[in-house]
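I opened this entry to record what I looked up, beginning with the sheet and ending with the core.

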Amino acid sequence: MTHFLKIFLTSLSDLFYPRHCEGCQRALLEEEFLCYDCWEQLEPLPEPCCEICSYPLFCADSKTCSNCAERRLHFVAGVGAFRYQGLTQELLARYKYGRDQSLRPLLQQLITRALQDERLHGIDFAAVVPVPLHSLRQREREFNQVLPLAKEVARHKKLPLRSLLKRVAPTSFQAGSNREKRLKNLEGAFALRRPTSLNGNYLLVDDVLTTGATLDECAKVLLQAGAENVWAVTLAR
Ligand SMILES: [Zn+2]
Ligand SMILES: [Zn+2]
């Protein structure tokens with residue numbers, strides 16, 4: 001089929017088969033990715049939440065969660081756009097493991113919500129840095145799902161995107177292992193792609209913030225290379 005015929009047929013099918021909601025497949029009349037009901041299902045981070053790791057707090061007495069009170073993380077704050085549950089979790093799983101690339105524009109739109117968080121206001125960033133996948137895992141999934149998210153953050157903030165980091169040790173499968181093990185697994189798991197001396201502030205991007213261990217290790221490497229301070233944004237927390 002010629003290229004032009006293909007474009008013609010695609011636009012023809014768009015005319016007769018309008019967009020569908022990525023959440024519930026309902027037909028949509030407008031140029032949206034989600035229907036109203038599905039938008040309502042996405043839960044933004046609650047107030048108050050831990051000012052460092054964005055974990056929901058149940059009272060406003062303290063500014064940090066009990067985890068962050070006991071540890072010293074290498075990033076200033078990790079900001080998630082939405083809670084990692086329900087529809088958000090489902091969409092991310094479909095994107096990561098089901099290779100559902102049609103979700104990419106929606107997820108790119110969702111992560112930019114994190115940029116509205118006031119913890120990121122007024123900070124001059126030198127660049128946006130995606131959290132890398134290990135090459136082995138990258139081959140399994142064929143693409144680094146974080147890269148399109150990081151590209152969108154960089155575009156939105158009008159900042160350069162710099163893939164500064166690489167994984168150096170394969171991290172064993174994390175699901176199910178306890179927190180302590182997970183933290184140990186990640187020690188020394190990241191390095192600079194090539195020797196670079198950095199200055200200024202950097203904004204890391206990952207899909208999900210759970211324990212914060214991955215972002216912590218990445219931030220540590222950037223600080224050791226001379227970065228002044230590191231913040232992070234993720235689609236889900
Ligand atoms: Zn829907
Ligand atoms: Zn915390």
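**Sheet.** I traced the strand order and found an open sheet of four strands, S1-S6-S5-S2, with parallel pairing. S1 and S2 are the edge strands, each with a single partner, so one side of each has no neighbour in the sheet. I then looked up the twist: neighbouring strands are turned by 20° against each other on average, direction ignored. The model is a predicted one.

**Edge strand S1.** I checked how covered S1 (residues 78–82) is, and five of its five residues are buried. Its pairing with S6 is parallel and runs over four bridges. For a register point I noted Val-79, which stands opposite Val-233 in S6.

**Edge strand S2.** At the other edge, S2 pairs with S5, again in the parallel sense, over five bridges. Here I took Val-128 as the register point; Leu-203 in S5 stands opposite.

**Helix H4.** Which strands does H4 lie across? I found that H4 (residues 86–97) lies across S1, S5 and S6. Against S6 the helix runs at about 95°.

**Helix H7.** I tested the length of H7 (residues 146–157) against the rise of a helix. Twelve residues at 1.5 Å a residue should span 16 Å, and the end C-alpha atoms are 17 Å apart, which agrees. I listed the buried residues of H7 as Val-146, Leu-149, Ala-150, Glu-152, Val-153 and Ala-154. These buried residues pack against helix H5 (104–111) and against three strands: S2 (125–130), S5 (201–208) and S6 (230–236). After H7 comes Lys-158, and I noted that its phi is positive, near 55°.

**Core.** Which residues touch the most other members of the largest nonpolar core? Among its 49 residues, I found that Leu-204 and Val-205 do. I then asked which elements supply this core: S1, H4, H5, S2, H7, S5, helix H9 (213–224) and S6 each give at least two residues. As a general point, nonpolar side chains tend to be buried together in soluble globular proteins.

I followed Leu-204 further. Leaving out residues up to four places away in sequence, Leu-204 touches Phe-75, Val-129, Val-131, Leu-215, Cys-218, Ala-219, Val-230 and Ala-232.

Methods: Residues numbered from 1 in each chain as written. Chains lettered and ligands numbered in written order. Predicted model: local features only at pLDDT ≥ 70, side-chain atom pairs only at ≥ 80, totals over all residues. Expected span 1.5 Å × (residues − 1). Buried ≥ 20, exposed ≤ 12 C-beta atoms within 10 Å, placed from the backbone. Contact = placed C-beta atoms within 7 Å. Pairing = 2+ DSSP bridges. Axes fitted to C-alpha atoms, helices over the stretch in contact; angles between N-to-C directions. Core = buried A, V, L, I, M, F, W, Y, C linked by C-beta atoms within 7 Å.
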